[in-house]
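Student: I keep meeting terms for protein structures without knowing what earns them. Could we go through some together?

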Amino acid sequence: MIYDFFYDFLAAHFSPLLSTIGSWLIVFIIGGLITLNVPIFLGWVDRKLSGRIQARYGPVYTGPFGLLQNVADVIKLMGKRFLTNQVIDPLIYNIVPIAIALLGFFMVFIIPWGNANLVLLYVPFNLLFIYIALAVSPLLVLLAGWGENNKYAMLGGFRGAAQITTYELSLLIVFISVALLSGSYDITTIAAAQSSVWYVLYLPITLVVFGISSLAVIERGPFDIPEATQELQAGWKIEYSGIRYGLFFIAEYVRLLVISMLIVYLFFGGGNGLFLPNYLWFWIKTSIVTIFMMSLRWVFNRPRIDQLINIGFNWLLPLAVVNLLIVGAVMFF
Amino acid sequence: MESSDTIKGRFPTLLSDVVSTNRNETIILLSDKTKLKTIVSEIKNHFDILFMLMVVDRPPKVFEMNYIFTSYSKNDILTLRVDIEHDDPSVDSISNLLGSADWEEREAYDMFGIDFKGHKDLRRVLLPEDWPGRPLRKDFEVTDEVRNWTGLDLKF
Amino acid sequence: MENKNRNKITINIGPVHPSTHGVLKFVVEIDQDTIKKVEPEIGFVHRGVEKMAEMKYFNSFMPIADKLDYISALNWEVLYATTVENALGITVPPRAIYIRTLMCEMQRMMSHLLFLAHMGEDLGNTTLFMWGFRERELLMDLTEEVSGGRLAPMYVSIGGLYYDLPEGFSERLLSTLNIIESKVKNEYKALSYENGLFKMRMVGVGVISKEQIVKYGITGPNIRASGVKRDIRKDDPYLAYDKVDFDVMTETAGDCYARFMVRVNEILESIKIIRQIIKDIPSGEVKVKVPWIFKIPPKYTFVRQETPRGEAAMYMVTNGDQKPYRLKIRAPSFYTIQAVKELFVGSKVADLVAILGSLDPVPGEIDR
């Protein structure tokens, strides 16, 4: 709990009010820096990985191994002229990217970074809070599709809302099954409950459901149907440019990382492991899961929106419910 | 080539032979353009598609229409040649007999200004609606109007 | 009336759109995500090729002929050269005929590899896109080695070829063919035609019936996917195709997946053809001398050949001048693209991309 650490540190020297403000400031700055740097680093990993898969190099020239390519991209995006069509709804148009980036920031804020103490601000039931941060996005997607005043954006917005709403349900049921098994909605408690057996052994099907649903909810390829480049060009993001577009990138990679961390926490025992320290185990697992989740995009093509929704309602949701019932029955008896 | 003999046998007064130097090709000449649809509906029994429609501008008298028919099952090519007057370039449309004639006739209308009577949707196909002139005609000249055409008057 | 149309949106797909493979435009009326009406609009890259032919000497038209369909330039070069040669009545040396066949098949492979690549891109799989280009690049390098050009090689001249093949070309070509064969059979299989998600998007989508084939005059791989066994190379052989042994690849389903598979199999057939040609290629001259400017007596010349997109044909009318009096070009994509009026209706917007990609149109050829 980094907030408490700084509060205790400052309270020794300053008044309580001052230390509260000061520690909030410090935590906000740390959270903001993490939120900014995750997409820069993960974006580089993504580019290099796709480059390796597709028989090309990826970024090479900017910095060592092209590490600074995304920094350069951020600078470029910030320097871009604001360009959009003339008849937009300015309030909605501007609020959506900020809200989406803020949701990413919120998730960074409350998720533990490998250790129960390495969390910027401890909130009880943090799994539910993260679910809320993921689940509020269909509203934003619809708003963006509406506010841009573009037919492609509209189509993308509707697709996005339909897709995310479908898969949120399975996501929630997965969370409930895991919480039922461990008896808690607290991420670190769930991880600690797996010290002997990882939940992936109890709930392998739930893991598959979670993997697919989470990719669909964060609109990461192969399920990037709402922004399908080939049909809708960029879907509901079509009229965004410059740093507003950059904010979507921040959200995309932060959510990808959060999803991978959740998979490790919920199914692979968090930091539990032999010999090595906890946080090291956690990050090894998270890197593997993140790279796996990323590479799916480069191997599969996009399904169609009706096919995806059919799979969601006809297969994943029933599977998740059946799993939940089994877990409930086992826990009851 | 039996099929083209059959067609010629059915309309001996209208059709006459032209010697072709091309492999598998038979050229028949139609003397009366008003009988085009009758002939084509007979040709349709032997050939599948209108392979292409070549219009040759031979000023000052005629536009020479070459309808080339082929089929998917045999190698025969049938060219039906019919002359239409240069002053009144109009002929019956065969697009309701052979669907593949649809855009070909539109293209001929586009490039030569030939009026296909009975065509459902006779618009320009390659050039913009307000393009000045019929470019493949021999008397087409690159005038200032053509040179300065920007397409900005188009209504969307 | 207003209530009825309330849910309908008209969107313009194109002219500048990533999935139209160039500049094509479709005015699409959609109800939710289902297409109700399509109106294709073409002509955005109309360059007046037929008019240009009337203004140029026979030899000077060659660079324009290979820019008609910039994906399969050599096929069109060969088609135009054959048309003029037939009109002139000259015979091309046998070595030139064999090399032309070889280059045509190489071009067909390049075109089909680009098709596979774009099919992957259209469905959102960028890896297939990059891999298709990777293999096409090997053939592009070989084309460059032979002719000096990559996209528009200008290799075929009237009366033969400009140059003979370079030293050691056939060995390099054979090793390239081995690479491509193994990639298409193994790597592409995993990524595309045996991949579950890929099949989900392709199987049963955009079925072309036999009635539609006749109605629109579609030719080429698109009809072979519907079970029509028609290939000019086999049925009305030209170049050296009667001297090589190959099969006409057909599928029966007629959907996007069948069209994809026909092209995959045609790549493998082209490899088979090229291997035979390299084995029996005769030696000798590659060119008969034809003056730069010549006259052709009044004549009608008709030539049709099988390009990667279907049956292409040229009908040339000469009148004893140094330039053709009229040159009519039949571009197979011009007919294929008409079929979208029926194929798109009732499918989803995402299927539009898949169907259009699987028809493999090239705007340069459609618009001439």
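Tutor: Let us take the terms one at a time. This is a predicted model, in which local features need pLDDT of at least 70, side-chain atom pairs count only at pLDDT 80 or more, and totals for chains, interfaces and linings use all residues. Residues are numbered from 1 along each chain as its sequence is written, chains are lettered from A and ligands numbered from 1 in the order in which they are written, and side-chain values use heavy atoms, leaving out hydrogens and water.

Student: Why is the pair Lys328(C) and Glu104(B) called a salt bridge?

Tutor: A salt bridge is a side-chain nitrogen of Lys or Arg within 4 Å of a carboxyl oxygen of Asp or Glu. The N to O distance between the side chains of Lys328(C) and Glu104(B) is 3.2 Å, so the pair fits the rule. Between chain C and chain B the count is six salt bridges, and over all chains it comes to 50.

Student: What makes such side chains pair at all?

Tutor: Side chains of opposite charge can pair when their charged atoms come close.

Student: How do you know that Glu311(C) is buried?

Tutor: Buried means under 20% relative accessible area, exposed over 50%, and partly exposed in between (1.4 Å probe, protein chains only). Glu311(C) has 2% relative accessibility, so it counts as buried. Arg230(C) also counts as buried, because its value is 2%. Glu311(C) and Arg230(C) form a salt bridge, with their closest N and O atoms 3.4 Å apart.

Student: What does the pair of Glu311(C) and Arg230(C) tie together?

Tutor: Glu311(C) lies in strand E7 of chain C and Arg230(C) in the loop between helix H9 (221-224) and helix H10 (232-235), so the pair ties together parts that are 81 residues apart in sequence. Helices (H or I, at least four residues) and strands (E, at least two) are DSSP runs, numbered from the N terminus.

Student: Why does Glu137(C) count as partly exposed?

Tutor: Its relative accessibility is 31%, so Glu137(C) falls in the partly exposed class. Arg150(C), at 28%, therefore counts as partly exposed too. Glu137(C) and Arg150(C) form a salt bridge whose closest N and O atoms are 2.4 Å apart.

Student: Where do Arg108(C) and Glu105(C) lie?

Tutor: Both are in helix H4 (residues 94-122) of chain C, three residues apart, about one turn of the helix. Arg108(C) and Glu105(C) are both buried, and their side chains meet in a salt bridge at 3.3 Å, N to O. They belong to a network of salt bridges whose members include Arg224(C) and Asp231(C).

Student: How do you know that chain C and chain B are in contact?

Tutor: Contact means heavy atoms within 4.5 Å. The contact takes 44 residues from chain C and 46 residues from chain B. Chain A and chain B, on the other hand, do not touch, and their nearest C-alpha atoms are 17 Å apart.

Student: What area is buried between chain C and chain B?

Tutor: Buried area is the accessible area (1.4 Å probe) that two parts lose on being put together, summed over both. For chain C and chain B that is about 3,700 Å², with carbon and sulfur atoms giving 54%.

Student: Which domains does chain C have?

Tutor: Domain bounds come from an automatic or database domain assignment. For chain C, the assignment gives domain 1 (1-46) and domain 2 (49-360). Between domain 1 and domain 2 of chain C, the count is zero salt bridges.
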